[in-house]
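Biologist: Could you walk me through this one, with a few questions from me along the way?
Modeller: Gladly, let us put it on the screen and begin.

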Amino acid sequence: MKTLVRFNIKNAKYATKSSTGTYGTPTSIGYSDSIALESDFAEKIIYGDGRKILTLPNDKGKTGTLGLLAIDDDYEIAMKRRMKTANGTAEIKQTASVEHALYFEFDFMDEDGTQKTGKTIVYGVTSGRPSETFNQTTDDINNNTVSYPLTIKGTPLMDSTGNKAYTDANGNTVYAWQETSIPSDPGYSTFGTTITAPKISSAI
């Protein structure tokens, strides 16, 4: 069944990655406003004898922007950009990027005309320091939003056992930038409750 339209973003969470390569429990990142994901992809054309003979793909992952209604202190602390102080919370110099997974949900409608919820996990994410602006209240309350720049390097796709990285018939390690589950997929009900690397179907 074809999806006709996708819209909305909700229930965004993050899970940091440990030194052993496992992800922690997904934690709410606050109220989300938007997310934009763009491929970091280019092609190099090889010429020979005055004509195109080969196209080399260069797929480096994704970049993006996550919009939230407000900065979430717990997320900033987990990203090592803030820390608790005796009198509150301080913004501190960031000396490392913290890899994590980003989970969010979206609404969609397919050909049966029923609104449904899809779930997406984005892997190998690092985020930059957000910008924040405050505007005075005039006739209306001018609420602010914050934008996080995202860099997404992905994660190796695992084999059907989940114990080792999957390689294709040509010996290439396959990387996944994100994984999406919809209600008709197996495992949908628990998708995103824990974060593990995606694995291929046993049917492949």
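Biologist: Let us begin with the largest pocket: which strands each supply at least two residues of its lining?
Modeller: Keep in mind that this is a predicted model. The lining of the largest pocket is made up of 20 residues. The strands that each give at least two of them are S8 and strand S12 (178-181).

Biologist: Thanks! Which element gives the largest share of that lining?
Modeller: Glu179, Phe191, Thr196, Pro198 and Lys199 are the lining residues nearest the centre of the pocket. The largest share of the lining amounts to three residues, and the element that supplies them is S12.

Biologist: And what is the volume of the largest pocket?
Modeller: Rolling a probe the size of a water molecule over the atoms shows where empty space is left. For the largest pocket, the volume comes to about 410 Å³.

Biologist: S8 also has a pairing partner, I believe. How many bridges join S7 and S8, and in which sense do they pair?
Modeller: Strand S8 covers residues 115-127, and one bridge leads from Leu102 to its partner Val122 in S8. The hairpin of S7 and S8 has four residues between the strands, and Gly113 takes a positive phi near 80° there. The pairing of S7 with S8 is antiparallel, over nine bridges.

Biologist: Which residue of S7 is the bridge partner of Phe7?
Modeller: Phe7 is part of strand S1, which spans residues 3-16. S1 and S7 pair in the antiparallel sense over nine bridges. Within that pairing, the S7 partner of Phe7 is Asp107.

Biologist: Is Asp107 buried or exposed?
Modeller: S7 is mostly covered, with 10 of its 11 residues buried. The cut-off for buried is under 20% relative accessible area. Asp107 has a relative accessibility of 5%, so Asp107 counts as buried.

Biologist: Which residue meets the side chain of Asp107 in a salt bridge?
Modeller: The contact is 2.7 Å, N to O. It links distant parts of the chain, with Asp107 in strand S7 (residues 100-110) and its partner in strand S1, 97 residues apart. At 25% relative accessibility the partner counts as partly exposed. The residue is Lys10.

Biologist: How many salt bridges does the structure hold?
Modeller: Among them is the one between Glu76 and Arg81 at 3.0 Å, N to O, where Glu76 and Arg81 are both buried. Asp73, Arg82, Glu91 and Arg129 are linked in a network of salt bridges. The total for the structure is 10.

Biologist: How many residues apart in sequence are the parts that Lys153 and Glu99 tie together?
Modeller: Lys153 and Glu99 form a salt bridge, with 3.1 Å between the closest N and O atoms. Lys153 sits in the loop between strand S9 (146-152) and strand S10 (155-156), while Glu99 sits in the loop between strand S6 (89-91) and S7, so the pair ties together parts whose separation in sequence is 54 residues.

Biologist: Of that pair, which residue is exposed?
Modeller: Exposed needs over 50% relative accessible area. Glu99 is at 19%, so Glu99 counts as buried. With a relative accessible area of 51%, the exposed residue is Lys153.

Biologist: One last stop: which residues form a nonpolar patch on the surface?
Modeller: Phe7 has a relative accessible area of 32% and is therefore partly exposed, and patch members need over 30%. Together the members of this patch have about 260 Å² of accessible area. They are Leu4, Val5 and Phe7.

Definitions and conventions
Residues are numbered from 1 along each chain as its sequence is written. This is a predicted model: local features need pLDDT of at least 70, side-chain atom pairs count only at pLDDT 80 or more; totals for chains, interfaces and linings use all residues. Side-chain values use heavy atoms; hydrogens and water are left out. Patches are made of residues with over 30% relative accessible area and no salt bridge: like charges are joined within 9 Å, nonpolar side chains (Val, Leu, Ile, Met, Phe, Trp, Tyr) within 5 Å. Accessible areas come from the Shrake-Rupley method with a 1.4 Å probe; for residues, only the protein chains shown count as cover. A salt bridge is a side-chain nitrogen of Lys or Arg within 4 Å of a carboxyl oxygen of Asp or Glu. Buried means under 20% relative accessible area, exposed over 50%, partly exposed in between (1.4 Å probe, protein chains only). Two strands pair if DSSP finds at least two bridges between them. On a 1 Å grid over the protein atoms alone, a cavity is a set of points where a 1.4 Å probe fits but cannot get out, and a pocket is an open set with protein on both sides within 12 Å along at least five of seven lines; lining residues have an atom within 4 Å of a point. Grid points are joined across faces, edges and corners, and a volume is the space filled by probe spheres set on the points.
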